[in-house]
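Welcome! Here are some exercises to work through with the structure at your side, each followed by a solution in small steps.

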Amino acid sequence: MSPSASAPRPVEIELKYRLRQAAAGDRYLAADEIGGFHPITPVRSTQLEDRYLDTGDGALARAGFAARLRQTAKGTTVSVKSLARRGGNGGAHRREELEGPADRTAGPRDWPASDARSLILEQCGDAPLVELVTIRQLRRKRKLQSADTIVELSLDEVDAVARSRVVDRFVELEVELVEGDESALDPIDAVLADDPGLAISTGSKLEAALSAIQASTGRRSKRAAAFLALIEPEATRAVEAASEPDAPAAEGQEAESNEPAVGAAPESKPEPKPESESASASEPEAPRLVAGKTPGVLADDHIAEAGRKVVRFHLARMLAREAGTRDGVDMEELHGMRVATRRQRAAWRVFGDAFRAGRTRAHRKRLREVAARLGAVRDLDVLLEAADAYRSELPRAEQRALEPLLRGWRDHRDDARRLLIRELDSDGYRRWIDDYSEFVRHEGLAVQPVSPTQPHRVRDTANSRILAAYEGVRAYEAVLRWADVETLHELRIAGKWLRYTLEFVREALGPEASLLIARVTALQDHLGLLNDADVTAHMARSYLVENAGDLSQLESAAIARYLVSREKEVARLRRTVGVPWRGVAGVSFRRALGRTIAGL
């Protein structure tokens, strides 16, 4: 027997209020008592991503249901809720709800068995499901209790997303009955209804999101209008009155026909569109990660969560640079994206042992591949920029003589960029971004279990990590006087790990950490210039050897002089490495380092 014809379905009972004043929500989260209910758990935060689905002709909506795929740290679940709200006064909403496990990359027939899956198959058959809207939420919640009744109070900061754009933002306060008598909600409902900072929410988040899509995109949102008509006819008429009425039906249908189906392959020949619309519609939707000014690592953070903060911070920066990297107009965009990937890889080196290797291996592997693609382009950008600076001071004839070398490097750079864009456009990259973003959003995911007596906080473990990184740098003191370029490159890498280890916990270390980081950075920059000059010399020499028969005497001589200039620069930087080295190896640095880590 199908779930729709069997015993009554579970009913979700909750109070829903929209915030008019931002402070109202925080006031109730922090309250010691609300309508006779008292907190029994601390406030916890989680990120949720909900994709609302239906068939192209709205089979679920016509039957009175809405289907939602929710991605959390624990996996993917499907919920099917009734659209009709029955009974309840004030802010109370009552809806039937079925839940079950799901797979966001497969169709419903391939999901594990559940009542929710059965209901979807009963109403939709084999028709593919398409995405109506994505709703992302930062949810802060805690449980409260009064006698035998337990409720969960949540404050949801909601972003409604369509075609990779946020079309609406709002904050909602919800109180869901977890256990006990529904009538026990009345005192809380009375308190909330009397608060001028709140307004009763008359519809669901799905309705609000679809209304926002219709209002913001007008004639191109035929699907949003159609589903609103099924869900809430009165609201739909109000929105349609404000939208553009002059769009032909065929145009709207064509615009909506490119929505992806759940578990279905993309169409091989999409209909052509105007260039600007096609670009925005075809680009995959990027997760919205927001980076503050710093990662925000604190001394009492679990070492795994400190690492997650650092990775999240630099992943957000990486994604913020992706559009500029694709454009290719400003090479600093690609530089910034590469730096962000380097910081993430360094974070995995510093904090990686706090996570389960098997659960994070795929993230680290893909990150390494993306970093390699970015590095191949960036390294050639640096070479070309330095060569252009050298050439700008030469006579016109000498400048022309260097052109074959630079043209060859530009060709290599263009090839590397094509491979990079192919990587960024790949389905595998987008799936990785989606999964990786979920990993950095959710506390506790893939963390190695530790006992209470194992060192696991930043203040317990950062000292040894910093000192180990510093020991890795000091070890070069015995060989620095006669170190070759390869050894100095290894010192540069050791200095980079020390710098990143300090930077990642800078806020926990205190203000003196900035001076330490500046000195390590000075050494790293000096050795970086040496490495760039050495690489340039090697590439110029290889070009001369490989193209000896194709170069004129003037061209060969000009490239050889550039090669010699780079070798002289390598020698100069080797001779002068002692100055930045003393800034890191000297007694003043060691004393400052000791004071800094002693404060943890």
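**Exercise 1. Two helices that meet**

How are α12 and α18 oriented to each other: roughly parallel or roughly perpendicular?

*Solution.* Keep in mind from the start that this is a predicted model. Begin by finding the two helices: α12 covers residues 357–391 and α18 covers residues 513–546. Next, look at their axes, which come within 11 Å and cross at roughly 85 degrees. Angles of 65 to 115 degrees count as roughly perpendicular. α12 and α18 are therefore roughly perpendicular to each other. Finally, see who makes the contact: α12 supplies Leu380, Val382 and Leu383, while α18 supplies Asp532, Val535, Thr536 and Met539.

**Exercise 2. From Leu380 to Asp411**

Find Asp411, then work out how far Asp411 and Leu380 are apart in sequence and in space.

*Solution.* Start with the location: Asp411 sits in helix α13, which runs over residues 396–425. Along the sequence, Asp411 and Leu380 are separated by 31 residues. In space, their C-alpha atoms are 10.0 Å apart. As a last step, check the surroundings of Asp411: its relative accessible area is 41%, so Asp411 is partly exposed.

**Exercise 3. Checking a helix**

Test whether the length of helix α14 agrees with its number of residues, and then decide how enclosed the helix is.

*Solution.* Helix α14 holds 15 residues, 427–441. At 1.5 Å a residue, the helix should span 21 Å. The C-alpha atoms at its ends are 21 Å apart, which agrees. Now turn to burial. In α14, 11 of the 15 residues are buried, so the helix is largely enclosed by the rest of the structure. Among the buried ones are Gly428, Tyr429, Trp432, Ile433 and Tyr436.

Two of these residues deserve a further look. The largest nonpolar core has 78 residues, and Tyr429 and Tyr436 belong to the group that touches the most other members, together with Met318, Phe351 and Leu502. Apart from this core lies another one, of 23 residues, including Ile13, Tyr17, Leu19 and Leu185. Back at Tyr429, its contacts beyond four places in sequence are Met318, Leu319, Glu322, Met337, Arg366, Val370, Glu423 and Leu424.

**Exercise 4. A strand with two partners**

Which strands pair with β6, and in which sense?

*Solution.* Locate β6 at residues 92–101. One partner is β1, residues 11–19, which pairs with β6 in the antiparallel sense over five bridges. In this pairing, Ile13 is bridged to Arg94 of β6. Another partner is β5, residues 75–82, and this pairing is also antiparallel, with five bridges. Here Lys81 is matched with Glu97 of β6, and Val80 is matched with Leu98 of β6.

Then count the buried residues. In β6, eight of the 10 residues are buried, so this strand is largely enclosed by the rest of the structure. β5 is mostly covered, with six of its eight residues buried. Thr76 lies in β5. At 16% relative accessibility, Thr76 counts as buried. Leaving out residues up to four places away in sequence, Thr76 touches Leu69, Arg70, Gln71, Pro101, Ala102 and Arg104.

**Exercise 5. Two alanines in loops**

Ala147 and Ala446 each have a positive phi. Decide for each residue: buried or exposed?

*Solution.* Take Ala147, with phi near 55 degrees, a positive value in a residue other than glycine. Ala147 belongs to the loop between β7 (129–146) and β8 (149–162). Its relative accessibility is 65%, so Ala147 counts as exposed.

Now take Ala446, with phi near 65 degrees. Ala446 is in the loop between α14 and α15 (458–474). Its relative accessible area is 5%, so Ala446 is buried.

**Exercise 6. Stepping back**

How many helices and strands are there in the protein chain, and what share of its residues counts as buried?

*Solution.* The protein chain has 21 helices and 11 strands. Of its 600 residues, 49% count as buried. To finish, consider contacts between residues at least 6 apart in sequence: 72% of them join residues at least 24 apart.

How values were computed. Residues numbered from 1 in each chain as written. Predicted model: local features only at pLDDT ≥ 70, side-chain atom pairs only at ≥ 80, totals over all residues. Heavy atoms only, no water. Helix = DSSP H or I, 4+ residues; strand = E, 2+ residues; numbered from the N terminus. Expected span 1.5 Å × (residues − 1). Buried < 20%, exposed > 50% of the residue type's maximum accessible area, 1.4 Å probe, protein only. Pairing = 2+ DSSP bridges. Core = buried A, V, L, I, M, F, W, Y, C linked by side-chain atoms within 4.5 Å. Contact = heavy atoms within 4.5 Å. Axes fitted to C-alpha atoms, helices over the stretch in contact; angles between N-to-C directions. Parallel < 35°, antiparallel > 145°, perpendicular 65-115°, else oblique.
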